[in-house]
Amino acid sequence: MKVKPLPVGVDDFEQLITNNYYFVDKTMLIRELLEKKGDVNLFTRPRRFGKSLNMSMLRYFFEDDRNSSGEKTDHAQLFQGLSIMRSGEEYLRHMGNYPVIALSLKAAKQEDFQQSFDALKETLAEEFDRHSYILKSECLAGRRKEKYIALMEMTANRSDYNTSLRFLSKCLRDYHGQKTVILIDEYDVPLESAHFHRYYPQMSAFIRSLFESALKTNPNLEFAVLTGCLRISRESIFTGMNNLKIISVLNKNYDEHFGFASDEVRQMCEDYGMPEKYDTIKEWYDGYVFGDANVYNPWSVVLYMSDLLADRDELPASYWANTSSNSIVRSLIERADRNTKDEIERVIDGKTVEKPVHEDITYGEIYSSMDHLWNFMFFTGYFRKEGERMEAGQKYITLAIPNEEVRCIFRSKVMGWFREEVGKRDLSRLFGALTGRDTAVMREEIEIMLWTTISYHDYYESFYHGFLAGILYGMEGYVVKSNREGGTGRTDLFIRPVSRRRTAYVVEFKVAERYEDLGRKAEEALRQVEEKSYERELRDEGYTSIVRYGISFFGKDCEVKVYS
């Protein structure tokens with residue numbers, strides 16, 4: 001049997017079904033929505049967890065879709081064989097029964113408010129144009145028709161855009177005789193972009209007007225679904241909306257409808273003839289917890305499976321690294337104190353941290369405390385919930401890195417950002433101490449920088465080697481060579497001056513098992529340089545003045561010994 005193509009980057013439900021892509025059936029989301037019947041439902045999930053595809057699925061199920069002539073388009077065939085079709089008439093009677101407004105706000109991420117507002121105007125205009133069949137009916141006439149055309153052609157007054165969704169829902173209800181379903185995907189993208197580019201007050205004011213008019217006490221609204229990454233406080237854009245139901249990753253409702261469940265991933269491995277790859281996929285892409293459900297990252301699973309089809313020996317990779325909100329995560333690095341750095345090291349090393357939950361925040365509040373930044377990282381997919389407890393009315397959650405993919409992101413991106421912070425320091429004092437053989441100042445400067453960066457895996461010698469080599473590469477007038485053959489073994493670092501008239505340096509590292517052993521291990525490093533004749537290479541090249549350093553480390557403490 002020919003296997004179906006994998007839907008890499010496909011988030012349109014009709015395209016996925018019509019082109020016979022592999023589909024993990026999430027249509028029971030429709031049934032749960034109809035059962036729970038929230039007026040306005042906000043789903044917050046990390047990026048690339050199937051939100052857009054689910055929103056497209058909802059649109060094709062509920063919409064009384066019409067072509068430009070007003071003729072009805074039947075989408076029932078798209079759902080044949082899927083779970084929702086076995087749910088009974090109680091649910092199926094809603095199929096194709098409602099006018100639907102479907103918007104994605106992901107295009108509104110420009111550098112200034114006007115550009116972002118123009119992108120939102122265009123998005124709204126496209127939706128007005130999609131429903132332009134109502135212009136041919138008698139339900140639109142006079143000034144209402146003129147207003148509709150102006151919104152469709154992006155020539156309307158600024159104030160008309162504030163209430164444009166409410167206006168469109170009224171027009172659609174008048175035409176169809178049925179209340180409107182409103183679907184808004186990526187609702188927080190304009191707000192996140194506005195925060196970073198410093199026009200948040202303008203954007204939040206517009207989004208508040210747009211949403212409140214359409215979603216608060218709108219008699220033309222059947223129900224609404226919004227999706228995004230972060231739960232924005234009611235006071236920010238949902239003022240007074242008592243009909244808002246927020247379903248975050250902590251809620252037990254709807255927990256299996258975003259992301260892949262274990263049995264779905266196992267079935268995919270079977271379907272593509274690679275059951276032996278399941279354990280690898282689990283190690284790398286499993287580990288999220290939404291409500292009570294254990295969830296895999298669907299984006300990464302599909303991309304890795306696609307790579308495996310091309311090469312069965314393909315190694316897993318971090319596909320999700322560039323899809324989430326790295327800018328705010330970097331802010332965590334820039335603001336991290338020693339305690340936060342220690343906590344980051346703990347989670348990279350497979351341990352946990354406990355933090356209070358703050359679900360209802362604004363983007364402006366993210367930087368008000370480190371706890372808010374940890375919360376942002378949790379809700380955007382960098383951590384999973386290991387446990388939770390209540391104390392004095394405050395909920396606390398235990399956080400851990402979910403899988404190897406995210407651990408790799410921490411190792412590469414997060415640790416790289418820390419290294420950049422180290423690189424911003426003035427290193428002249430360290431360089432001067434090294435050439436001046438001032439071991440006390442060298443020790444002080446190295447320890448300060450160790451506290452500025454982070455490490456993992458119990459401070460292996462290779463970490464210290466790479467850490468110090470990276471710093472010393474900046475010594476003007478010197479060339480740093482690491483792990484070169486010399487004498488009877490391998491020295492850790494050679495520091496060669498460009499001129500052979502100046503002093504060269506040989507550096508050897510050791511890691512102590514106890515703090516008390518720092519001095520002894522530094523002396524041992526010095527003896528190793530002498531016993532293995534590491535400096536011979538330098539003498540063969542014509543250097544006559546050579547200084548040996550032995551440096552030992554225990555955690556973020558060090559000892560420096562010199563012999564010349």
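**Strands, cores and cavities: a chat**

Trainee: Let's start in β17: which residue is the bridge partner of I495 there?

Mentor: Keep in mind that this is a predicted model. β16 covers residues 493–497, and β17 covers residues 504–511. β16 and β17 are joined by 3 bridges and run antiparallel. Across in β17, I495 meets its bridge partner, Y505.

Trainee: And which residue in β17 partners F494?

Mentor: I495 is bridged to Y505. Step back to F494, and its bridge partner in β17 is V506.

Trainee: How many residues lie between β16 and β17 in their hairpin?

Mentor: The two strands run antiparallel. They form a hairpin, and the number of residues between them is 6.

Trainee: What about the side chains of β16: are its residues mostly buried or exposed?

Mentor: Buried here means under 20% relative accessible area. L493, I495 and P497 point one way, while F494 and R496 point the other way. Both groups pass that test, R496 included. With 5 of its 5 residues counted, β16 comes out as mostly covered, and the word for its residues is buried.

Trainee: Which residue of β16 is the bridge partner of Y478?

Mentor: Y478 belongs to β13, which spans residues 478–482. β13 and β16 run antiparallel, with 5 bridges between them. The partner of Y478 in β16 is P497.

Trainee: So where do these strands sit in their sheet: what is the order of its 5 strands?

Mentor: β16 is joined to β13 and also to β17. The whole thing is an open sheet with mixed pairing, and its order is β13-β16-β17-β18-β19.

Trainee: Why is one side of β13 and of β19 left without a neighbour in the sheet?

Mentor: Look at the ends of the order β13-β16-β17-β18-β19. β13 and β19 (557–563) stand at the edges, so one side of each has no neighbour in the sheet. The reason is that each has a single partner strand.

Trainee: There's another open sheet too, so what is its strand order?

Mentor: One piece of it is the parallel pair β5 and β6 (residues 221–228), joined by 5 bridges. Within that pair, L183 has V225 of β6 as its bridge partner. The sheet has 5 strands with parallel pairing, in the order β4-β5-β6-β1-β7.

Trainee: Which are its edge strands?

Mentor: Read the ends of β4-β5-β6-β1-β7. The edge strands pair on one side only, and they are β4 and β7.

Trainee: Moving inside, how many residues does the largest nonpolar core have?

Mentor: Nonpolar side chains tend to be buried together in soluble globular proteins. In this model, Y148, F211, L215, L226, F383 and F410 have the most contacts inside the largest core, whose residue count is 88.

Trainee: Which helix gives the largest share of this core?

Mentor: F211 and L215 are among the residues with the most contacts inside the core. The largest share is 8 residues, and it comes from helix α10.

Trainee: Is there empty space left over, I mean, what is the volume of the largest cavity?

Mentor: A search of the whole structure turns up 3 cavities of 30 Å³ or more. Residues lining the largest one include P46, V249, F378 and F383. The volume of this largest cavity is about 50 Å³.

Trainee: Which strand supplies the largest share of that lining?

Mentor: Y288, V289 and F290 are on the list of lining residues. That largest share is 3 residues, and they come from strand β8.

Trainee: How many charged residues are in the lining of the second largest pocket?

Mentor: This pocket holds about 370 Å³ of space. It is lined by 16 residues, with S56, R59, A102, L103 and S104 nearest its centre. By class there are 4 nonpolar and 4 polar residues, and the charged count is 8.

Trainee: Last one: is T155 buried or exposed?

Mentor: T155 lies in the loop between α6 (142–152) and α7 (158–162). The cut-off for the more open class is over 50% relative accessible area. T155 has 56%, so T155 is exposed.

Definitions and conventions: Residues numbered from 1 in each chain as written. Predicted model: local features only at pLDDT ≥ 70, side-chain atom pairs only at ≥ 80, totals over all residues. Heavy atoms only, no water. Buried < 20%, exposed > 50% of the residue type's maximum accessible area, 1.4 Å probe, protein only. Helix = DSSP H or I, 4+ residues; strand = E, 2+ residues; numbered from the N terminus. Pairing = 2+ DSSP bridges. 1 Å grid on protein atoms, 1.4 Å probe; cavity = no way out; pocket = protein on both sides within 12 Å on 5 of 7 lines; lining within 4 Å. Points joined across faces, edges and corners; volume = space filled by probe spheres on them. Nonpolar A, V, L, I, M, F, W, Y, C, P; charged D, E, K, R; others polar. Core = buried A, V, L, I, M, F, W, Y, C linked by side-chain atoms within 4.5 Å.
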